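Dear colleague,

Please find below the structure I am handing over to you, together with its sequence. My findings follow directly after it.

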Amino acid sequence: MQIRARMSMSADGYVTTPSGWPALTADPAFASGSSHGIAEFLESCEAAVMGRTTFEPALSHDRWPWPNLDVFVLGSQRPPGTPDHVVVDGDPQRLLEQVRAANRGGDVHLVGGPRTIQAFCAIGALDRLELVVLPLLLGGGMRLTPALHPDTELAFERERALPGGSVEIVYIPSSGASGLAGRDADWAPASQRRDHG
């Protein structure tokens, strides 16, 4: 199991539009659920973890956004109308333990926003930060930092060009970088190690 955050951002560093929508939605090449490599990404995932702000709008959708994924929500209160199968906990460490207990070997999509990603990064439970840099300049909106602390160290893993002019860049955060110099049998992804806070 690896916990992987995947976010889109404009070339000038914004993860949302000035009106608060994900930056991806401003790209003319955007097609919900299929563009920018998201379908391929989700094929390896069995669960989604998100904050309450990201989760709550789904309760009023006609279509459940995560039909094939186990859903875990970081939140102090269970929103009214939350389906019984959704796990809600306000403590990132406890939520991580529940994700581990339910895991069947697939990866976990850590859905934004940045505060939720930072909460998991802070407990050493973020294995990959995957950024899709869009060929757009938004001029305003929410930035990935300061919610994701600027002191977070990132080790480059790979990049690839996507159709439509976007670029996918994958980093290993400092919390997941331990053991990179010669991974041996004792190495485990950050989300599986039990020696973090």
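At the start of helix H3, a side-chain oxygen of aspartate 91 comes to within 3.1 Å of the backbone nitrogen of glutamine 93. Please bear in mind that this is a predicted model.

The buried residues of H3 are Pro92, Gln93, Leu95, Leu96, Val99 and Arg100. Viewed down the axis of H3, these buried residues fall within an arc of 160 degrees, so they line one face of the helix. Their packing partners are S1, S2, S3, S4, S5 and H4.

The sheet beneath this packing may be described next. It is an open sheet of 8 strands with mixed pairing, in the order S4-S3-S2-S5-S1-S6-S8-S7. Strand S4 (87–89) and strand S7 (154–161) are the edge strands, each pairing on one side only. From one strand to the next, the twist averages 25 degrees.

Two helices that pack on the sheet deserve mention. Helix H3 (residues 92–102) touches strand S1 (3–10), strand S2 (45–51), strand S3 (70–74), S4 and strand S5 (107–110), and its direction makes about 170 degrees with that of S3. Helix H4 (residues 114–122) touches S1, S2, S3, S5 and S8; the direction of H4 makes about 145 degrees with that of S1.

At the S7 edge, S7 and strand S8 (residues 167–173) pair in the antiparallel sense over 7 bridges. Within this pairing, phenylalanine 156 stands opposite tyrosine 171 in S8.

As for aromatic pairs, the count comes to 4. In one of them, the rings of phenylalanine 55 and tryptophan 66 have their centres 6.2 Å apart and their planes at 20 degrees; planes under 30 degrees apart count as stacked, so this pair is stacked. The pair links distant parts of the chain, 11 residues apart: phenylalanine 55 belongs to helix H2 (residues 52–55), and tryptophan 66 to the loop between H2 and S3. Phenylalanine 55, at 0% relative accessibility, counts as buried, and tryptophan 66, at 13%, also counts as buried. Ring pairs join Phe55, Trp64 and Trp66 into a cluster.

Phenylalanine 156 and tyrosine 171 form an edge-to-face aromatic pair, with 6.3 Å from centre to centre and 75 degrees between the planes. Because phenylalanine 156 lies in strand S7 and tyrosine 171 in strand S8, the pair ties together parts that are 15 residues apart in sequence. Phenylalanine 156 counts as exposed, at 52% relative accessibility.

With kind regards

Technical notes
Residues numbered from 1 in each chain as written. Predicted model: local features only at pLDDT ≥ 70, side-chain atom pairs only at ≥ 80, totals over all residues. Heavy atoms only, no water. Pairing = 2+ DSSP bridges. Helix = DSSP H or I, 4+ residues; strand = E, 2+ residues; numbered from the N terminus. Axes fitted to C-alpha atoms, helices over the stretch in contact; angles between N-to-C directions. Contact = heavy atoms within 4.5 Å. Buried < 20%, exposed > 50% of the residue type's maximum accessible area, 1.4 Å probe, protein only. Arc of directions from axis to C-beta. Polar contact = N/O pair within 3.5 Å; in protein donor to acceptor, adjacent residues only side chain to side chain. Phe/Tyr/Trp six-rings, centres within 6.5 Å; stacked < 30°, edge-to-face > 60°.
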